[in-house]
Amino acid sequence: MASTWSSQIELTTLSLCSFLICEIHTNEKEVTEKEVTLHLLPGEQLLCEASTVLKYVQEDSCQHGVYGRLVCTDFKIAFLGDDESALDNDETQFKNKVVGENDITLHCVDQIYGVFDEKKKTLFGQLKKYPEKLIIHCKDLRVFQFCLRYTKEEEVKRIVSGIIHHTQAPKLLKRLFLFSYATAAQNNTVTDPKNHTIMFDTLKDWCWELERTKGNMKYKAVSVNEGYKVCERLPAYFVVPTPLPEENVQRFQGHGIPIWCWSCHNGSALLKMSALPKEQDDGILQIQKSFLDGVYKTIHRPPYEIVKTEDLSSNFLSLQEIQTAYSKFKQLFLIDNSTEFWDTDIKWFSLLESSSWLDIIRRCLKKAIEITECMEAQNMNVLLLEENASDLCCLISSLVQLMMDPHCRTRIGFQSLIQKEWVMGGHCFLDRCNHLRQNDKEEVPVFLLFLDCVWQLVHQHPPAFEFTETYLTVLSDSLYIPIFSTFFFNSPHQKDTNMGREGQDTQSKPLNLLTVWDWSVQFEPKAQTLLKNPLYVEKPKLDKGQRKGMRFKHQRQLSLPLTQSKSSPKRGFFREETDHLIKNLLGKRISKLINSSDELQDNFREFYDSWHSKPTDYHGLLLPHIEGPEIKVWAQRYLRWIPEAQILGGSRVATMSKLLEMIEEVQSLQEKIDERHHSQQAPQAEAPCLLRNSARLSSLFPFALLQRHSSKPVLPTSGWKALGDEDDLAKREDEFVDLGDV
C-alpha cells in the first residue's frame, strides 16, 4: 500500500508542471545558449545577462538547484535553465503566454537582497561589494534565489547593478515598457470579439448603465468634462442628479459634486463626492457653504428622498493603516526556505493576527453591509465622502454593488464594475502600485484589498459568481504586467494624454493599448476554462407575462422587513445632516458621526441576522459572514508558492473534481438525448478537464509547483530547541506538540 502511494506521488510530481511557462509569439530576436531560448516581446530589449548562475529550489535546504543564464530586459528578469525544456509537456495546461514560470516583470519586484558571508542585506543604489547570492522577493509573493558564486565577476557586477537600477530607480512615465510594446505591436493588437466589457469611455456606456439600473429617472449623464476642460481628475463623461445645473460642476473643478455610482431597484442611489479644498478665508468658506447647501438639496428632498452621508476620510480606515497591515501580512508568505517556514509556523496565527489584515477586510465588508442596509431596508440615498473620492470610495462602492447587483457577479459585469468605479473613477493605480518607484509612501494595496474582500464573498457563496478564485488571482497578477493599460495610469486624462489622444500632434496615430480584459492574450482557451465557475447558473429569463407578475414580489423578496416602520425624522434632523455634510467637506473636525449611533448598529444587526436566517438567493441580495472565523486567508494567492502549505489530492480541488465529473456525465447524456431527437442545438461548453484526477492535484491548483515536493519534518527546528531533551518532553503531557506527518 505504501509503495502504491509513493509511486502515485512520484507520478504526481512528474505529471503536473509549474504555473507559468513562457510561450510568446515574438519578433525575430532570439538569444540562444545550450538550446535555451530567450523569447522577447515586440519592443523588448536585452539589457544585461550572466551565465553559470545557479537557481536554488526554494524549499530545498540542501541548496540544490538548476544552472542557467540570468538575464534582464526592459520588461522582465528571466532565468533560462538548462533543463527548461523538461518542464514543457502536455500536462502543463495552465500557462501564461506573456510571463513564464521563471520570469519576473520589473514592476513585480518588491525587494532585492544580497547574501554576504551568510548575512542577508537589502540591496539598493551603487554597490561597493557584490553578493555571492541574490534573493528577489516579488509582489506576487514568489521568492527567487540565485547563487552567483560560480559566475564571472564582471558578469555579476553587470547583472546585479542592472537589476537594481531597472527595478528600483525612479522612472518617467514615458519610459515604461508599456509604450515600447504599444509602439512595436501596434499592428498586432487584437481584441477578443467575445469580450463585451463596458469600458465607460463614451456617453453611450453611461446611458446604458443608467437604463440598466433604472436610474435614468433621477440622474443624467453629462459631457461637460469632455476633453477634460473642467477637471483632469474626473472622466470625460459621468452621471449627476438631474436637477443639478451643469455649470455647478465647473464651479470648483468637480469637487463638491455628487457623482452617481449605482441605483437600487427601490429607487435609492449610491453616490460619491470629493471634498472641497480647505480654505482659511471666511468669505470663501461662506461661498462654499452656500454652494454645498444648494447641491445637497438636489439629492436630499424629504420625505421623498433622504440622503445619508458616510465620511470615509475621517471615520473609517486610513491608507496608512492599510499599508502597514499589508507590509506585515505579506512577510508571512515571503519564505526563503523550508527551515524558515517551519520556524515561523509555530507562531503563525499570532503573526497573522498582529498584522490586522483580516480585521481590515472585516471592517470593509461591514461598512459595505451597513450601506447596503441603508439603501435596501431604509430606502435612503447614501453619499460617500473622501478627499479625492478615488481610494476608499472605489472600494466600498464596488463592494456594495457586488452585494446588491447580481449583474456585477458575472464576469463581464465584474469587469465593467472595475472599469466604472476604479479605472474611470480615477483610482491612482500608477501611484498605489508604485510602478514608477517615485514615492514608496504612496504605495498602498487598495485594489488588492478589494480583490481580497471579493474573494471572501466568492469563497462563502461560490454558486453566486460566474468567475472563480483563480480568475481573481490572475487578475491580481496582471497589476504588474506592463503591456496592459488598465492598471498603469492614475486617471483617464493621464492615459489619453500619453496615448496621443489629447496631444497637439495630429499627424501621429494614437497608440492602441491592450486591455487586461482580453484574457486570450495571456491564456489559451483550455486554460481560460479555469477562470469560469462551472457551478454558476445564470438567472432564468422570464417571458413578459411572468415578469409583470413577479416584479413586485421580487422587490419585496430583496427588501428585508424591519420589525416596525420608521417614522420620518423631524425637520431639524435634516438641518443637522446638512451641516454635518458641509462640515466634512470643508475639512472641519467633528467628534462623532451620525452613522456610529446605537440605532444604526441595531438596524445593522437586525438586517444582517435576518438575511442570514433565510435561504440564500444567489441572484438577489448577497451578504458575507463577517464573524471572526469566517474571514479567511486567501490561500490560493498567498500560499501558492509554498509547497509545505499544499494538500495533495485534498481541499476544494477534490470536491470540484467530483462535481465536474458529474457535469461532464450530465452533458454527455444531454448530447445523446439531443442526437436522438435530431436537435441542432450548439454543444454545451465542456467542463475543465484539468481537474479530472483530484488525487494528482494540489489544494493550490493550478499554481502549485508539484514537481518538487517537500515533506514536513517530525518537529520544526524551533520546536526542538523549545522542547529540550526526551525526559523534559515526557513531562509535558498537557502541551500541544505538532508532530506533522510521521
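Me: What is the strand order of the open sheet of four strands?
Reply: The pairing in this open sheet is mixed. Strands here are DSSP runs (E, at least two residues; helices are H or I, at least four), numbered from the N terminus. Two strands pair if DSSP finds at least two bridges between them. The order is β13-β14-β16-β15.

Me: Which strands stand at the edges?
Reply: This is a predicted model: local features need pLDDT of at least 70, side-chain atom pairs count only at pLDDT 80 or more, and totals for chains, interfaces and linings use all residues. Residues are numbered from 1 along each chain as its sequence is written, and side-chain values use heavy atoms, with hydrogens and water left out. An edge strand has a single partner, so one of its sides lacks a neighbour in the sheet. The edges are β13 (259–263) and β15 (307–311).

Me: Which residue in β14 stands opposite Trp262?
Reply: β13 and β14 (residues 269–274) run antiparallel. Four bridges join them. Opposite Trp262 stands Leu270.

Me: At about what angle does helix α11 run to β16?
Reply: Helix α11 (residues 392–404) lies across β13, β14 and β16 (381–386). Axes are lines fitted to C-alpha atoms, for helices over the stretch in contact, and angles run from 0 to 180 degrees between N-to-C directions. The angle to β16 is about 155°.

Me: Are α14 and α15 roughly parallel or roughly antiparallel?
Reply: The axes of α14 (residues 446–460) and α15 (residues 469–477) come within 10 Å and cross at roughly 175°. Angles under 35 degrees count as roughly parallel, over 145 as roughly antiparallel, 65 to 115 as roughly perpendicular and the rest as oblique. That makes the two helices roughly antiparallel.

Me: Which residues of α15 make the contact with α14?
Reply: Contact means heavy atoms within 4.5 Å. α14 brings Leu448, Leu451, Val454, Trp455 and Val458. α15 brings Glu469, Leu472, Leu475 and Ser476.

Me: How many residues apart in sequence are the parts tied together by Phe329 and Tyr638?
Reply: Rings of Phe, Tyr and Trp (its six-membered ring) pair if their centres lie within 6.5 Å; planes under 30 degrees apart count as stacked, over 60 as edge-to-face and the rest as tilted. This pair is edge-to-face, at 4.8 Å centre to centre and 90° between the planes. Phe329 lies in α7 (residues 319–330) and Tyr638 in α21 (residues 635–639), so the pair ties together parts 309 residues apart.
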